[in-house]
Amino acid sequence: MTKLSINSERMRADFDALAQFGSTGDGGVQRPSLSETHLAARRWLREQIEKVGMEFRIDGAGNHSAFLKSPNYQLPITKTLLVGSHTDSVPYGGRFDGALGVVAALEVLRVLKENNIELSMNLEAMDFTDEEGTLVGLLGSSAVGGHLRAEHLQKPRGGRDAFEAGLARAGLTEQGMLSVERPARSLAGYLELHIEQGNRLINAQKNIGIVTAIVGIMAYRLKFIGRADHAGTTSMQDRRDAGQGASAFTLAAREIVLKDFPRCVANVGKMEFAPGGFNIVPASVVVSLEFRAPSDDEIVQLDHALIERAKLEAERFNLGLEIEFLGKHSPTPMSQVAQKAFADACDELGLSHMPLVSGAGHDAQSLAHLCPVGMIFVPSVNGASHSPREFTEWCDCVNGANVLLQAALRMAGGAA
Ligand SMILES: [Zn+2]
């Protein structure tokens with residue numbers, strides 16, 4: 001039997017058609033979750049699924065999917081292997097992020113269907129709702145994974161009004177969102193093709209990145225508290241300058257990561273000075289700190305190192321310090337089974353590959369406790385992402401889709 005492979009032109013036509021929804025005219029797309037343009041893109045997706053006679057499904061979280069039934073389909077015994085990504089975008093985003101994974105997943109199912117490949121499990125190509133978080137973030141996959149709680153929907157990061165408007169447009173309800181959890185026994189795994197959104201593959205001249213883990217993220221608000229004084233008449237020695245402490249901490253955070261945590265990153269994305277004036281010594285500075293690490297050990301140690309350093313800098317500048325913990329997503333290792341399926345598929349196709357940690361969050365992390373999850377990355381030219389400059393060579397997109405197809409066959413027990 002000749003090896004199955006995806007139809008490049010057909011996938012390209014889908015990719016280009018999807019990029020028209022919310023096109024910004026310069027290569028980008030504006031397709032925030034559950035916006036009119038996003039819903040139009042989803043109606044188009046549904047048409048593509050039904051056009052080839054596949055079963056279309058939608059759940060209470062709005063997740064759209066194509067469902068390819070196994071011949072020995074008998075719920076709930078027959079497991080389902082999920083493949084997919086997301087069709088929503090960040091505001092003024094790129095046309096590859098998420099969209100590539102969705103059209104590739106759809107193409108994988110079409111190839112299996114038209115070749116009458118009978119697998120021992122069902123295959124389902126997913127378009128998860130609100131991966132990007134213009135409303136909540138990883139919304140559809142958290143709902144499927146059973147992490148979503150009513151309180152998460154009360155204070156969505158995109159604001160309650162935008163969330164309610166999106167639900168109304170899509171005909172969804174909060175109750176529906178909270179009732180789509182799938183039992184672990186029904187899932188065989190989740191595989192996703194995505195663009196790298198960085199430049200490690202290009203620099204290493206590799207075709208495919210096999211994701212080993214999705215980083216964990218922690219966030220704090222740190223308030224350095226000093227004393228407002230006249231900026232001209234107070235001597236340097238007498239000041240309790242919150243700006244000095246906050247700035248010293250920010251630079252120290254960089255040094256700590258560079259020196260002791262080579263696989264991690266830390267970011268101070270915001271500093272708010274009060275009262276905030278040319279001629280007033282800053283009385284307080286609120287620092288928005290976020291850091292990411294690929295393993296539990298590293299995130300615990302980095303957390304400790306950064307917080308201890310913040311205390312030290314506060315003391316050094318004679319300041320008070322208030323520490324507000326804002327939340328933690330634990331690092332998510334990808335399944336060994338999925339990583340091996342991807343590596344074997346690459347080897348078989350003659351494609352080079354390398355292990356990579358994902359510095360961005362993805363839907364796979366919502367499902368990792370339920371089933372083996374895995375992801376591959378294809379090269380992002382110049383590492384650009386969340387921007388109209390996002391670009392991946394089409395041959396790399398096709399390579400990624402073929403690896404996805406072969407890995408799905410392996411995971412579904414139908415290795416070619
Ligand atoms: Zn994405």
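**Figure 1. A close look at the largest cavity, which holds about 50 Å³ of space.** This is a predicted model, so please read the views with that in mind. Counting cavities of 30 Å³ or more gives one.

**Figure 2. The residues that line the largest cavity.** If you would like to find the lining in your viewer, select L45, I49, H64, S65, A66, V102, A105, L106, A125, M126 and D127. Four elements each give two or more residues to this lining: the helices α2 (36-51) and α3 (99-114), along with the strands β3 (64-68) and β6 (122-127). What is the chemical make-up of the lining: how many residues are nonpolar, polar or charged? Eight are nonpolar, two are polar and one is charged.

**Figure 3. The chain around the cavity, with its 13 helices and 15 strands.** Stepping back, the C-alpha trace spans about 85 × 45 × 45 Å along its principal axes. The radius of gyration is 24 Å, which agrees with the value near 22 Å that a compact globule of 416 residues would have.

**Figure 4. Inside and outside of the chain.** Of the 416 residues, 53% are buried, that is, under 20% relative accessible area. On the outside, the accessible surface comes to about 17,900 Å², and carbon and sulfur atoms account for 50% of that area.

**Figure 5. Contacts between parts of the chain that are apart in sequence.** Take the contacts between residues at least 6 apart in sequence: 80% of them join residues at least 24 apart.

Definitions and conventions
Residues are numbered from 1 along each chain as its sequence is written. This is a predicted model: local features need pLDDT of at least 70, side-chain atom pairs count only at pLDDT 80 or more; totals for chains, interfaces and linings use all residues. Side-chain values use heavy atoms; hydrogens and water are left out. On a 1 Å grid over the protein atoms alone, a cavity is a set of points where a 1.4 Å probe fits but cannot get out, and a pocket is an open set with protein on both sides within 12 Å along at least five of seven lines; lining residues have an atom within 4 Å of a point. Grid points are joined across faces, edges and corners, and a volume is the space filled by probe spheres set on the points. Ala, Val, Leu, Ile, Met, Phe, Trp, Tyr, Cys and Pro count as nonpolar, Asp, Glu, Lys and Arg as charged, and the others, Gly among them, as polar. The radius of gyration is taken over C-alpha atoms; the globule rule is 2.2 Å times the number of residues to the power 0.38. Buried means under 20% relative accessible area, exposed over 50%, partly exposed in between (1.4 Å probe, protein chains only). Contact means heavy atoms within 4.5 Å. Accessible areas come from the Shrake-Rupley method with a 1.4 Å probe; for residues, only the protein chains shown count as cover.
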